[in-house]
Amino acid sequence: MSTSRLGAAPKPASADDEGFKRELVVLIPHLRAFARTLTGDPTAADDLAQDAMMKAWDARASYQMGTNMKAWTFMILRNQFYSEKRRSWRQSQLDQEAAERTLVAVDDPEAPVALDELRQALKTLPEEQREALILVGAGGFAYEEAAEICGCAVGTVKSRVSRARRALAATLEKGGYGRDGKAAGDAMRSILGEADRLAGARS
Amino acid sequence: MIDSTDSSRPKGAENKGEAGLEEARLRQQAIGVKLRHMFDEVVNEPVPDEFLDILKRADAKAADGAA
């Protein structure tokens, strides 16, 4: 794993450990959320987030206090996810339908319909588009930070995000993931309604 | 602002031009709001004790090593 591009520094004094830990604890909820979007499964996500947290702790000597620790830990988590995936899923291609069934099964049945629709639609995106969109559109990262996390060019992240946005809108409008024979356009309508409600609640 | 009076608008591919662009913009905005909401939902969950336990154990180990 390469952790050198973000916050590379020679070594911290062990007195820095306490400060490092405090910052790391604050980031745990964000690591859990990012892991959830990568794995699509709450249990696997927490395993991944815990592994990433430990990796970050073990690598704390290479982190420079005051640099972007959120981006640094997200990069560690992402690297962990893909290296595990390469190891365990190389032979068996993940069956998209099975993944979607799992996702539906573990979903909170009380969750608003629109959120469920969005989760389903996200699953239909290519992995690199999904992570770019999540980092920029939900994680609050700048394109430059997302590029560092993903180890690619800024322009690549920009184009992935914009393709992801177009594809998501198209999928939601067409109901292209075809669940329960839902009528086309329903997903987008419920998302527009939900978003309106949320925006109203926020302001 | 997100306009949800969706039923009053013409639907489908024939709706091009400015209205179509505005529609697309609203949809992207709505997707963005939902995306952040989905992410924040997990962020706002209480962190399972396991996380802090693991960190505590690692911390103790580091302290041992330093002593």
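Q: In which helix of chain A does A:D58 lie, in this predicted model?
A: The model is predicted, not determined by experiment. Within chain A, the helix that holds A:D58 is α2.

Q: Is A:D58 buried or exposed?
A: A residue counts as exposed if 12 or fewer other C-beta atoms lie within 10 Å of its own. A:D58 has 12 such atoms within 10 Å, so this residue is exposed.

Q: How far apart in space are A:D58 and A:F34, C-alpha to C-alpha?
A: In sequence, A:D58 and A:F34 are separated by 24 residues. In space, their C-alpha atoms are apart by 20 Å.

Q: What distance separates the end C-alpha atoms of helix α2 of chain A, and what span is expected?
A: Helix α2 of chain A covers residues 42–58, which makes 17 residues. At 1.5 Å a residue the helix should span 24 Å. The distance between its end C-alpha atoms agrees with this, at 24 Å.

Q: Which residues of α2(A) are buried?
A: To count as buried, a residue needs 20 or more other C-beta atoms within 10 Å of its own. In α2(A) the residues that meet this are A:A45, A:L48, A:A49, A:Q50, A:A52, A:M53, A:A56 and A:W57.

Q: How many helices and strands are there in chain A?
A: Along the sequence, the pattern of chain A is α-α-α-α-α-α-α-α-α. The chain has zero strands, and its helices number nine.

Q: What share of the residues in chain A is buried?
A: Chain A has 203 residues. The buried part of them comes to 35%.

Q: Which element gives the most to the side of domain 1 of chain A that touches domain 2?
A: Chain A is divided into domain 1, residues 1–90, and domain 2, residues 100–203. Between them, 13 residues of domain 1 are in contact with twelve residues of domain 2. On the domain 1 side, two or more residues each come from α1 (16–39) and α3 (69–89) of chain A. The element that gives the most, with four residues, is α3(A).

Q: How does the side of domain 1 of chain A that touches domain 2 divide by class?
A: This side of domain 1 includes three polar and three charged residues. Its nonpolar residues number seven.

Q: Which feature does UniProt place at residues 116–168 of chain A?
A: Over residues 116–168 chain A is 79% helix and 0% strand, with the end C-alpha atoms 13 Å apart. The UniProt entry, which is unreviewed, names this feature "domain: RNA polymerase sigma factor 70 region 4 type".

Q: Which element of chain B supplies the largest share of the side that touches chain A?
A: Chain B has two helices and zero strands. In the contact between the chains, 28 residues of chain B meet 36 residues of chain A. Both α1 (17–43) and α2 (49–66) of chain B supply at least two residues of this side. The largest share, 15 residues, comes from α1(B).

Q: How many residues on the side of chain B that touches chain A are nonpolar?
A: This side of chain B has four polar and six charged residues. The number of nonpolar residues is 18.

Q: Over which stretches of chain A, among them residues 8–13, is the pLDDT below 50?
A: Chain A averages a pLDDT of 80, and 71% of its residues score at least 70. Where pLDDT is low, the predicted coordinates should not be read in detail. The pLDDT falls below 50 over residues 8–13 and also over residues 104–111.

Terms used: Residues are numbered from 1 along each chain as its sequence is written. Chains are lettered from A and ligands numbered from 1 in the order in which they are written. This is a predicted model: local features need pLDDT of at least 70, side-chain atom pairs count only at pLDDT 80 or more; totals for chains, interfaces and linings use all residues. UniProt positions are given in the numbering used here, feature names are shortened, and annotations may be inferred rather than shown by experiment. The expected span of a helix is 1.5 Å times one less than its number of residues. Domain bounds come from an automatic or database domain assignment. Two residues are in contact if their C-beta atoms, placed from the backbone, lie within 7 Å. Ala, Val, Leu, Ile, Met, Phe, Trp, Tyr, Cys and Pro count as nonpolar, Asp, Glu, Lys and Arg as charged, and the others, Gly among them, as polar. pLDDT is the predictor's confidence in each residue, from 0 to 100.
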